[in-house]
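Could you walk me through this model in the viewer, one selection at a time? I would like to know what to click on next and what is there.

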Amino acid sequence: MRFSTFLCSLLAGAFLFAAPAVAAYPTKDVRLVCWSAAGSSLDVMARTLAVEMEKSLKKPVVVENRVGGSGAVAMAYAMAQPADGHVLLTTTSSLSFTVAKGNVPFKVEDFVMLRAVEGEPSSVAVLKDSPIKTLDDFVEVMRKDSSKMRVGGYASAGFHQFVYYKLQQLGKFTGPWVPFDGGNQAVAALLGGHLDAAVITPSSASAQIESGEIRLLGISTDTRSDYFPNVPTMKEQGYDIVEYLWRGIMVKKGTPADVIDTINAAIDTAVQSESWKNTAKARRQESLSYSTEELSAKAASEVQERKTFLQSIGLLKK
Amino acid sequence: MDAVLASLQIVFSLGGLASILFGVAAGIFVGAMPGLGPSMGVALLVPLTFSMTPEVGVILLVSLYLAAEYGGSISAILIGTPGTAAATATVVDGYPLCRAGYPGKALTASLTASTIGGIIGALALIIAAQPIARFALSFGPVEYCSLGILGLAIISSLSGDNLIKGLGAASLGLVLTLVGVDPVTGVTRFTFGFYELFEGIPFLTALIGLFAVAEVFSMVEQELLAGQKAHFSSEGLTRKELLHILPTSLRGSIIGTVVGAVPGAGGSIACWLAYDQEKRLSSKKTERPFGEGALRGVAAPESSNNATVGGALIPLLTLGMPGSPTTAVLVGALMIHGLQPGPKLFVENQTVVYSLFIGLIFANVVMYLMGRLGMRLWVKIVAIPQAVLAATILALSMIAAYSLRTLTFDIWLTLGFGVIGFIMKKSHFPLAPMILAMILGPMVESNYNRALLMAQADGHLIFLESPLSVLLLSVAVLAFAYSTYKGLRPKKSVGQ
């Protein structure tokens, strides 16, 4: 123990005395701060990306998990660091929910959204032997009598409930939402017959979807997903819902433009690499490409959409 | 058959053996360090597996997971601080047994029970995965809520002599779980504007305070009052004692396997269920009563928490979904290797499955041997002068509290809980009911709300529609009534 303490203080000392260099970015290790726990989807994205980004940045890219406060802990940390691009932050479309709820003292505009590198759709799932075969069937059943239908998915006032809310709007029906602590728990509840339908990320039940035990009625991708080619999109069934739970990278606002260009270039090279593509494929991720401007605009417009949604389910005052 | 032979070759290759040895050693370490746990340990080692074959990588991670569940008992016994959440019940009897001068007996009981639990969990995974997985699926929100209530009913039997104080401690625990974002409506409660409290009071941070920091305060007090003279014996178990804990370990293993297989339950609940079960079965003949260093009180939780490893792998292999936070990290690791956890693994990647089976069994053997070897070293910890030990534990606790979320806020939180724990100890409020309430509170609350949302117009009748729920609730009522009757009945003076 005493030896490791000694080592730690030695290391800390080394960092303190590192002279500030004037060379081009990056001048030191780059930290990629992830607001989800180690092992989560976002964390796996960060770690896979970091390995590839190191190759073009020529400095170590270290992933740090700073979990808590719906991302506020990580954001507060990044805001306290200089805007020089040495601290990158993971970001997801869940940021717009957190901001819309007013749960964090930050705005989307406090950051520059650099890239969304991957995303997953939502989908409506039922069991194999359910009489409901299409999204139209589902909407019809719900319109007729939703009082016996149990529908749920991951989280309250989150991405999947938002997609379900959009479906309710377009299909003109109402019904309660049963929120679960994890996507897997919702899938387990569906398999165990505790739910009649679940709104889930398809990858959280890939084994059951491939074996036919779970049937997806519709998926929220723009065109049919390569991973689930037999599943019709919601759009092609007449419900214009195209939504992704996207994941990407952002930095603190005020980061110099040339630094942003360097980081963007490193990300773009990283997502072209074989290892990134293979991992993304294994994890059934849709590849997304938004420019920095597009993504920032998207994030801002999402906040407005989420606010309307939260107001309509009564979680936000008008 | 070819796949089995190929897997045997992998497990007993240089890489396979090295990863088991390293995994077990690392597991014992992260388990014993309060604040580091199996899920953190597995997550930290995942990048290391990138360069390995999937088989060897899986063996490494599973060995670590298994050994960490055992490692948690070492600190629970020696310094009265559970190294993992699943070792909280081990403190109740393990620590008193150690302070009574028998750290060797407590550690041997824990190691033996852990090994038995680990092997039985692994065998259940190999032999009975399908039926257990089907049973686990019958747990929905209604059944989880009822299981949680059954767990809370145990509080009455964990309260020791004073039922009222036990219920008081439990209420405090339940109140603390109200802090944070409401799981169903998403509204923040009692956070007082601290975003550090959005996810609730972090359980491990509270544990470190209640156990480790409070223990440091007690040590300081004792040191000031007296100083230390007790003699500590590193002697292990006699044959009779070993036979005494065997049935306990078997029962604990079964509880652990089943509870581990139910996603959302896990070791922190299994250890208390197993402990309570043994306490109820105990006759008065035992040389040490429960709560004062009963060997069976060590063996029950330790066998059950190691059995949850095999149990938690059951839904992973049969359904492709994790049965515990640690297996959730494992799912991520498998996916990085291009493997899709689930039944297809048995068809497409047989060697991975069989390597996991064989590796898990063999890791138990390695864990036992390493535990035997290490024990002589660990026993020395209790011989360290109290003053030095107290300072070391305090420093370690602060590091652990900080490292969980890298927040200074958590250091203050831990210290606060240390004060609460110390006050409770001084005024003879039992800690166990509070811990159990903190584990079960969120589970009962969120599933209760979920069940009512599902029931819609049916309301509370939904709890009586499921036979499993009725069974769990009935057992809960009986357990509570029985312990309350025993607890409130005027005590006949029983000679110690």
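Here is a tour of this predicted model, with a selection to make at each stop.

**Stop 1: where the two chains meet**

Color chain A and chain B separately, then select the residues of each that touch the other. You should pick up 43 residues from chain A and 41 residues from chain B. In chain A, show Asn103(A), Arg150(A) and His194(A) as sticks: these three lose the most area to chain B, together 14% of what that side buries. How much area is buried between chain A and chain B? It comes to about 3,600 Å², with carbon and sulfur atoms giving 60% of that.

Now look for polar links across the contact. Between chain A and chain B there are 11 residue pairs in polar contact, counting pairs with both residues at pLDDT 80 or more. If you turn on the secondary structure of chain A, the elements that each supply at least two residues to the side touching chain B are α3 (72-79), β7 (178-180), α7 (183-191), α8 (206-211) and α10 (274-282). Which of the elements gives the largest share? Select α7(A), which contributes five residues. Coloring this side of chain A by class gives 20 nonpolar, 16 polar and seven charged residues.

Two salt bridges run between chain A and chain B. To see one of them, select Arg450(B) and Asp181(A), whose closest N and O atoms are 3.0 Å apart.

**Stop 2: helix α10 of chain A**

Stay with chain A and select α10(A), one of the elements you have just met at the contact with chain B. Its buried residues are Trp276(A), Thr279(A), Ala280(A) and Ala282(A). Turn the view to look down the helix axis: these buried residues fall within an arc of 160°, so they line one face of the helix. A helix has 3.6 residues a turn, so residues three or four places apart point the same way.

What do the buried residues pack against? Show α2, β4 (111-121) and α9 (257-272) of chain A, and add α14 (325-336) of chain B. Then rotate to the face turned away from the buried side, where you will find the exposed residues Glu274(A) and Lys281(A). Before leaving, click on Arg284(A) just after the helix, which takes a positive phi of about 55°.

**Stop 3: two buried small residues**

Next, select Ala46(A) in helix α2 (residues 41-57) of chain A. Is Ala46(A) buried or exposed? Its relative accessibility is 0%, so Ala46(A) counts as buried. Beyond residues up to four places away in sequence, Ala46(A) touches Leu32(A), Val63(A) and Thr90(A). For a distance to try in the viewer, go from Ala46(A) to Glu243(A): they are 197 residues apart in sequence and 22 Å apart in space, C-alpha to C-alpha.

Move on to Ser123(A), in strand β5 (residues 123-127) of chain A. Ser123(A) also has 0% relative accessibility and therefore counts as buried. Leaving out residues up to four places away in sequence, its contacts include Ala198(A), Val199(A), Ile200(A), Leu216(A) and Met234(A).

**Stop 4: salt bridges within chain A**

Over all chains, the structure holds 28 salt bridges. Begin with Glu64(A) and Arg66(A), whose side chains meet at 3.0 Å, N to O. Glu64(A) counts as buried because its relative accessibility is 18%, under the 20% cut-off. Arg66(A), at 10%, counts as buried too.

Now select the loop between β9 (214-219) and β10 (244-252) of chain A, home to Asp222(A) and Lys235(A), 13 residues apart. Asp222(A) forms a salt bridge with Lys235(A), their closest N and O atoms being 2.6 Å apart. Asp222(A) is partly exposed at 38% relative accessibility, and Lys235(A) is partly exposed at 40%.

In that loop, also pick Arg224(A) and Glu236(A), which are 12 residues apart. Their side chains meet in a salt bridge of 2.8 Å, N to O. Arg224(A) is partly exposed with a relative accessible area of 38%, and Glu236(A) is partly exposed with 45%.

For the last selection, show Glu118(A), Glu120(A), Arg247(A) and Arg283(A) together: salt bridges that share partners join these residues into one network.

Conventions: Residues numbered from 1 in each chain as written. Chains lettered and ligands numbered in written order. Predicted model: local features only at pLDDT ≥ 70, side-chain atom pairs only at ≥ 80, totals over all residues. Heavy atoms only, no water. Contact = heavy atoms within 4.5 Å. Buried area = accessible area lost by both parts, 1.4 Å probe. Salt bridge = Lys/Arg side-chain N within 4 Å of Asp/Glu carboxyl O. Polar contact = N/O pair within 3.5 Å; in protein donor to acceptor, adjacent residues only side chain to side chain. Helix = DSSP H or I, 4+ residues; strand = E, 2+ residues; numbered from the N terminus. Nonpolar A, V, L, I, M, F, W, Y, C, P; charged D, E, K, R; others polar. Buried < 20%, exposed > 50% of the residue type's maximum accessible area, 1.4 Å probe, protein only. Arc of directions from axis to C-beta.
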